[in-house]
Each structure stands twice: as C-alpha cells, then as structure tokens.
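Reader: Could you take me through one part of this model at close range? I would like to follow the side chains in the loops and then see how the neighbouring helices pack.

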Amino acid sequence: MKTVSENRSFGGTQGVYTHASTATGTDMTFAIFMPEEAAFGPVPVLWYLSGLTCTHANAMDKAGAQQWAAEQGIALIFPDTSPRGEGVPDDEAYDLGQGAGFYIDATQAPWDQHFKMWTYVAEELPALVAENFALDMDRQSITGHSMGGHGALTMAMALPDRFRSVSAFAPICNPTKSDWGRKQFSAYWGDEENWGPHDATLLMQGGGFNGPMLIDTGTDDQFGDLLGTEAFAAAFAAKRQEGAIRLQKGYDHSYFFVSTFMEDHVAFHAEALYA
C-alpha cells in the first residue's frame, strides 16, 4: 500500500492510498478518514460507496462527511467505483465500464478480467484496511449514493450480520427493472437468467435487513424514473423493515442533496455503531 496524500481534517487525517489489487488485477485507489480517536484505539467504520462516473474523490471532496464523522469518532472509507488503467475495458457511455462497476463481479468478456468490484469491496479492501488502520471491524455500517446506494443496500442484505446499519442517498433500488441496471447486468453477466441477486427490492422481498435502514431521495431527482423507489418502498413496507424512506421536497440527485442530509446519516449510523 502506498500513500498518495494525508491531510489534517477536523482533528483527524484524510488519507488517499493506492495498492495492487488481486481482485481487479489493477492498481486501486481508496480514501479513508481516520478520526482523532484512532490514535488511542480502534474506531468503528462507515463505508461510503459512490455513484456512476465517480472515483474515491467525489464524496471525499463534496459530501462533507468528515466533520460529522469526526464528531462521532467514526472512520470513513471511500472506495473507487471500478478498476482503471491501461488494458481495462471501457465504453463511450458514462454508465458502463470505468466509473460504472455496479459493485458486482462480471462474468462476461471483456469485463470479466478486471470488473470484480463485489469481491474487491466486500472482501479484499476490508482485509487491507483492517491490517493497516486502527479499525474496529466488528462495528461496521454502510451508505452510498445512486449506484453506490445500490451497492450499499445489496451488500447490507447479502452479507448478513456484517453491517449494523445501512443508509442510502437516492439509491438505484430495483435495477433489474431499470435502464440503470438492465444495461449493465446484460453487459457484465450476459443473459438475464445469469443475473445474480443484486437487486435491493428482490433482496428486501427475501430476507430483508436485520437492522435499521434510512433512505433519502429528492422529489425533484432528475433520474427518479430510474431509481425504482416505489417498488422498493412497497417491498420495505411488506417486510415491515425497521427504518425510514424519506422523500425530501425539492432536492435533486446532486452532491448538494447528499451534503444536506449527511449529518443525519452519520448520526443515524453512530447510534447503531455505539449501541
């Protein structure tokens, strides 16, 4: 692991690091904010998964999460959204290829060699950060925005007992019925019969999540018809899932929306992480 940068932030340290990934076969970059309390012992962890076109840097720079994480004594981890570099396939469209890994493991060429983002985020990166930082991996929660909200919801439900709480900002929550999902799943997995259970609505209809859940989506979200909020809300209610789905009047899909409600989300996770 190599250090790209480390900066003092709200009493803690915001770092950016690179490492050679076995999962993706590429160098990967991630960011981690360590609060001041980490100098005295392991701290709980909040993962933030970013959306389409993003890198580790978007949320690190725009979400305003460090201030609230510092107040709660929580570490923040910001992975990248896909493999990158020479020899990594890409597409002219913004919603496929680099920046659009969808937090799944591709099985179809040309994507199958490098696009293993489920394995990377769920297995490889947690092992790496646990070895190199003062983190309490028994206290983890997860959040994300848009495609990252999809990743947060699916990982929380598909990895039982790993996360104490899950939240999302404008998540893609019914991708098997949306152009933000069907297009990518077809490319990465091929025929629909090969698609994995990486759909938050289907997972909610199944086992759901054994913990609190918080979702915020703007009423003026310009991509609202791609998110599947209504289908997920129906499954959420039918399951009698603990938590809340909030429709925030006048807000869109941008980081202005995310940063507005970030304090709420960090406090929500802190309550679960320190319970």
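Author: Happy to. A word on naming before we start: helices and strands here are DSSP runs, with at least four residues for a helix and at least two for a strand, and they are numbered from the N terminus. Please keep in mind that this is a predicted model.

Let us begin with S21, which sits in the loop between β2 (12-20) and β3 (27-34). Is S21 buried or exposed? Its relative accessible area is 6%, and S21 counts as buried because that value is under the 20% limit. The side chain of S21 has two polar partners to look at. One is in the backbone: the nitrogen of T24 lies 3.1 Å from a polar atom of the S21 side chain. The other is a side chain, that of E124, joined to the side chain of S21 by a polar contact of 2.7 Å. E124 also appears among the residues that S21 touches once neighbours within four places in sequence are set aside, together with T26, M28 and Y120.

T26 leads us on to R84. The C-alpha atoms of T26 and R84 are 7.0 Å apart, although 58 residues separate the two along the chain. R84 belongs to the loop between β5 (75-79) and α3 (117-132). With a relative accessible area of 27%, R84 is partly exposed. Which residues does R84 contact, leaving aside neighbours within four places in sequence? They are T26, D27, C54, T55, Q98 and G99. With C54, the link involves the backbone: its oxygen lies 2.8 Å from a polar atom of the R84 side chain. R84 also makes a side-chain to side-chain polar contact with T81, at 3.4 Å.

The loop between β5 and α3 also holds D95. D95 has a relative accessibility of 8% and is therefore counted as buried. Its side chain is joined to that of K183 by a polar contact of 2.6 Å. Not counting residues up to four places away in sequence, D95 touches K183 as well as L52, A100, W180 and Q184.

Now for some backbone geometry. Most residues other than glycine have a negative phi, and most peptide bonds are trans. F102, which is placed in the loop between β5 and α3, has a positive phi near 60 degrees without being a glycine. F102 is buried, with a relative accessible area of 0%. P110 is found in the loop between β5 and α3 too, and the peptide bond joining A109 and P110 is cis, with omega at about 0 degrees. Elsewhere, R240 has a positive phi of about 55 degrees and is not a glycine either. R240 lies in the loop between α7 (229-239) and β9 (243-248), and its relative accessible area of 75% makes R240 exposed.

That brings us to the helices. Two packed helices are described by the angle between their axes and the distance between the axes. Take α3 and α4 (residues 147-158): their axes come within 12 Å and cross at roughly 60 degrees. This angle makes α3 oblique to α4, and the crossing is right-handed. On the α3 side the meeting residues are M117, W118, V121 and A122, and on the α4 side T154, M155 and A158. Sorted by character, the residues of this contact of α3 with α4 are six nonpolar, one polar and no charged.

How do α2 (residues 65-72) and α8 (residues 255-273) cross? Their axes come within 9 Å, at an angle of roughly 30 degrees. That is why α2 is described as roughly parallel to α8. The crossing of α2 past α8 is right-handed. From α2, the contact draws on A65, W68, A69 and Q72, and from α8 on M262, E263, V266, A267 and A270. The residues of this contact of α2 with α8 comprise seven nonpolar, one polar and one charged.

Note on methods:
Residues are numbered from 1 along each chain as its sequence is written. This is a predicted model: local features need pLDDT of at least 70, side-chain atom pairs count only at pLDDT 80 or more; totals for chains, interfaces and linings use all residues. Side-chain values use heavy atoms; hydrogens and water are left out. Buried means under 20% relative accessible area, exposed over 50%, partly exposed in between (1.4 Å probe, protein chains only). A polar contact is a pair of N or O atoms within 3.5 Å; within protein, one must be able to donate a hydrogen and the other to accept it, and residues adjacent in sequence count only if both atoms are side-chain atoms. Contact means heavy atoms within 4.5 Å. Axes are lines fitted to C-alpha atoms, for helices over the stretch in contact, and angles run from 0 to 180 degrees between N-to-C directions. Angles under 35 degrees count as roughly parallel, over 145 as roughly antiparallel, 65 to 115 as roughly perpendicular and the rest as oblique. A crossing is left-handed if the near helix is turned anticlockwise from the far one by less than a right angle, and right-handed if clockwise. Ala, Val, Leu, Ile, Met, Phe, Trp, Tyr, Cys and Pro count as nonpolar, Asp, Glu, Lys and Arg as charged, and the others, Gly among them, as polar.
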